[in-house]
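Biologist: Could we go through this model together? I would like to begin with one pairing in the sheet.

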Amino acid sequence: MAAELEYESVLCVKPDVSVYRIPPRASNRGYRASDWKLDQPDWTGRLRITSKGKIAYIKLEDKVSGELFAQAPVEQYPGIAVETVTDSSRYFVIRIQDGTGKRNGLFEWDEVGKAGI
């Protein structure tokens, strides 16, 4: 019953983000943005960070329709849902869910100097 009474709050909106598909890490070395094709994003859209109860959600949505592309529930930070990239403060690796399971995605937003979550 308590979960039904919780409401969703919008914490942050970034209107322009790019998402890149990345393969799993081959070793314990951290992710590096320079290893991926950053000039060829696999998806672009809007990022919204919301919270409901004690869980935050990173939502990737279509800029025009608002349709959900994928989301990443974040129960704690730091944690497995969001990882920093070793060679950039503009890029993060998030574990996104697209309805068919989990996959990793590297994302970046285009506002230079405003890359902190």
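Biologist: Which residue in β4 is the bridge partner of A56?

Modeller: A56 is partnered by V74 of β4. Strands here are DSSP runs of E of at least two residues, helices are runs of H or I of at least four, and both are numbered from the N terminus.

Biologist: How should I read the numbering and the confidence limits?

Modeller: Residues are numbered from 1 along each chain as its sequence is written. This is a predicted model, in which local features need pLDDT of at least 70, side-chain atom pairs count only at pLDDT 80 or more, and totals for chains, interfaces and linings use all residues; side-chain values use heavy atoms, with hydrogens and water left out.

Biologist: Back to those strands, then. How many bridges do β3 and β4 share, and in which sense do they pair?

Modeller: Over 6 bridges, β3 and β4 pair in the antiparallel sense; two strands count as paired if DSSP finds at least two bridges between them. Their hairpin has 6 residues between the strands, and G66 there takes a positive phi near 80°.

Biologist: And on the other side of β3, how many bridges join β2 to it?

Modeller: Strand β3 (residues 55-61) is joined to β2 by 7 bridges, and the two run antiparallel. L47 stands opposite L60 in β3. The β2-β3 hairpin has 2 residues between its strands, and G53 in the turn has a positive phi of about 70°.

Biologist: What about β1 and β2, how many bridges are there?

Modeller: There are 9 bridges between strand β1 (residues 8-21) and β2, again with an antiparallel run. One of the residues involved is V10, whose bridge partner in β2 is T50.

Biologist: How many residues of β2 are buried?

Modeller: Strand β2 is mostly covered, with 7 of its 10 residues buried. Buried means under 20% relative accessible area, exposed over 50%, and partly exposed in between, using a 1.4 Å probe and protein chains only.

Biologist: Let me step back. What is the overall make-up of the protein?

Modeller: The protein holds 1 helix and 7 strands, in the order α-β-β-β-β-β-β-β along the sequence. Of its 117 residues, 32% count as buried.

Biologist: Which residues touch the most other members of the largest nonpolar core?

Modeller: They are L47, I58, L60, V82, I94 and I96, in a core of 15 residues. Strands β1, β2, β3, β4 and β6 each give two or more residues to this core. Another core, of 7 residues, lies apart from it and includes Y20, I22, V85 and Y91. A nonpolar core here is a set of buried Ala, Val, Leu, Ile, Met, Phe, Trp, Tyr and Cys residues joined through side-chain atoms within 4.5 Å.

Biologist: Any aromatic pairs? How many does the structure hold?

Modeller: It holds 1 aromatic pair. The rings of W43 and F69 are stacked, at 4.5 Å centre to centre with 10° between the planes. The pair links distant parts of the chain, with W43 in strand β2 (residues 43-52) and F69 in strand β4 (residues 68-74), 26 residues apart. Rings of Phe, Tyr and Trp (its six-membered ring) pair if their centres lie within 6.5 Å; planes under 30 degrees apart count as stacked, over 60 as edge-to-face and the rest as tilted.

Biologist: Is W43 buried or exposed?

Modeller: W43 is buried, because its relative accessible area is 15%. F69 counts as partly exposed, since its value is 26%.

Biologist: Now the loops. Where is A81?

Modeller: A81 is in the loop between β4 and β5. It counts as buried because its relative accessibility is 9%. Not counting residues up to four places away in sequence, A81 touches P73, V74, V93, I94 and R95, a contact being heavy atoms within 4.5 Å. Its C-alpha is 7.8 Å from that of I96, 15 residues apart along the chain.

Biologist: And T86, buried or exposed?

Modeller: T86 counts as exposed, because its relative accessibility is 55%. Its place is the loop between β5 (82-85) and β6 (88-97). Neighbours within four places in sequence aside, T86 is in contact with G30, Y31 and R32. The C-alpha atoms of T86 and A33 are separated by 7.8 Å, with their positions 53 residues apart along the chain.
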